[in-house]
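Me: I'd like a close look at a single part of this model: the charged side chains and whatever holds them together. Could you take me through that part and then show me how it sits in its surroundings?

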Amino acid sequence: MNFEKLEVWKRAARLSAEIYKQTVSLRDFGFRDQITRSGLSVPSNIAEGMTRETPKDKRHFITISRSSLAELRTQIYIGIEIGYLPKDKGQYWIKETEELSAMLTGLRNTI
């Protein structure tokens with residue numbers, strides 16, 4: 001299965017790019033590094049998983065991707081709370097992480 005054709009990968013990659021753009025001017029490099037890394041981990045693990053040979057390996061990387069989404073969602077909540085992220089943008093991203101997580105669960109179940 002070509003990961004580049006998966007809607008979940010496309011949306012996760014877009015979300016990661018949005019997070020990079022939104023946080024580029026943050027002076028808190030620790031926070032910025034952490035949120036961009038977790039965001040980048042999601043589409044990266046989808047891609048890596050879908051290129052693995054065995055269904056077990058594929059499912060493992062999809063699970064990692066879901067875990068990265070949970071980490072990202074936590075960081076978004078914190079970013080909103082401390083004023084690093086605009087509330088409306090953060091709430092949109094939270095909804096997106098929830099939808100992506102559901103999509104990944106569906107993908108994992110079909111493998």
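Reply: Happy to. A term to start with: a salt bridge here is a side-chain nitrogen of Lys or Arg lying within 4 Å of a carboxyl oxygen of Asp or Glu. Please keep in mind that the model is a predicted one. By this criterion, the structure holds six salt bridges.

Let's begin with Arg11 and Glu99, which form a salt bridge whose closest N and O atoms are 2.5 Å apart. This pair ties together distant parts of the chain, since Arg11 belongs to helix α1 and Glu99 to helix α4, 88 residues apart. The two ends of the bridge fall into separate burial classes. The cut-off for buried is under 20% relative accessible area, with exposed set at over 50% and partly exposed in between. Arg11 has a relative accessible area of 16%, so Arg11 is buried. Glu99 has 30%, and therefore counts as partly exposed.

Arg11 has another partner as well: its side chain meets that of Glu96 in a salt bridge, at 2.8 Å from N to O. Again the link joins distant parts of the chain, with Arg11 in helix α1 and Glu96 in helix α4, 85 residues apart. Both Arg11 and Glu96 are buried; for Glu96, this is because the relative accessibility is 9%. For a feel of what lies around this acid, take Arg73: Glu96 and Arg73 are 23 residues apart in sequence, and their C-alpha atoms are 9.3 Å apart in space.

Now go back to Glu99, whose side chain also meets that of Lys95 in a salt bridge, at 2.7 Å from N to O. This contact stays inside helix α4: Lys95 and Glu99 are four residues apart there, so about one helical turn separates them. Lys95 has a relative accessibility of 48%, so it counts as partly exposed. Put the pieces together and Arg11, Lys95, Glu96 and Glu99 are linked in a network of salt bridges.

What about the helices that carry this network? The axes of α1 and α4 come within 10 Å and cross at roughly 155°. The cut-off for roughly antiparallel is an angle over 145 degrees, and that makes α1 roughly antiparallel to α4. In handedness, α1 passes α4 in a left-handed crossing.

Helix α4 also pairs with α3. Their axes come within 9 Å and cross at roughly 165°, and α3 and α4 are therefore roughly antiparallel to each other. This crossing, too, is left-handed. Moving on from α3, the axes of α2 (residues 29–50) and α3 come within 8 Å and cross at roughly 160°. That angle makes α2 roughly antiparallel to α3, and α2 passes α3 in a left-handed crossing.

Helix α1, the home of Arg11, offers some useful reference points of its own. Helix α1 covers residues 7–23, and Glu7 lies in it. With a relative accessibility of 41%, Glu7 counts as partly exposed. Glu7 and Ile64 are 57 residues apart in sequence, with 18 Å between their C-alpha atoms. Ile19 also lies in helix α1, but its relative accessible area is 0%, so Ile19 is buried. Ile19 and Arg32 are 13 residues apart in sequence and 9.1 Å apart in space, C-alpha to C-alpha.

To finish, have a look at the connection that leads into α4. Ile82 lies in the loop between α3 (55–81) and α4 (87–110). Since its relative accessibility is 46%, Ile82 counts as partly exposed. Together with Tyr77 and Ile78, Ile82 makes a nonpolar surface patch of about 300 Å². If you are colouring the model as you go, that patch sits on the nonpolar side of the story, while Arg11, Lys95, Glu96 and Glu99 make up the salt-bridge network we started from.

Definitions and conventions. Residues are numbered from 1 along each chain as its sequence is written. This is a predicted model: local features need pLDDT of at least 70, side-chain atom pairs count only at pLDDT 80 or more; totals for chains, interfaces and linings use all residues. Side-chain values use heavy atoms; hydrogens and water are left out. Patches are made of residues with over 30% relative accessible area and no salt bridge: like charges are joined within 9 Å, nonpolar side chains (Val, Leu, Ile, Met, Phe, Trp, Tyr) within 5 Å. Accessible areas come from the Shrake-Rupley method with a 1.4 Å probe; for residues, only the protein chains shown count as cover. Helices (H or I, at least four residues) and strands (E, at least two) are DSSP runs, numbered from the N terminus. Buried means under 20% relative accessible area, exposed over 50%, partly exposed in between (1.4 Å probe, protein chains only). Axes are lines fitted to C-alpha atoms, for helices over the stretch in contact, and angles run from 0 to 180 degrees between N-to-C directions. Angles under 35 degrees count as roughly parallel, over 145 as roughly antiparallel, 65 to 115 as roughly perpendicular and the rest as oblique. A crossing is left-handed if the near helix is turned anticlockwise from the far one by less than a right angle, and right-handed if clockwise.
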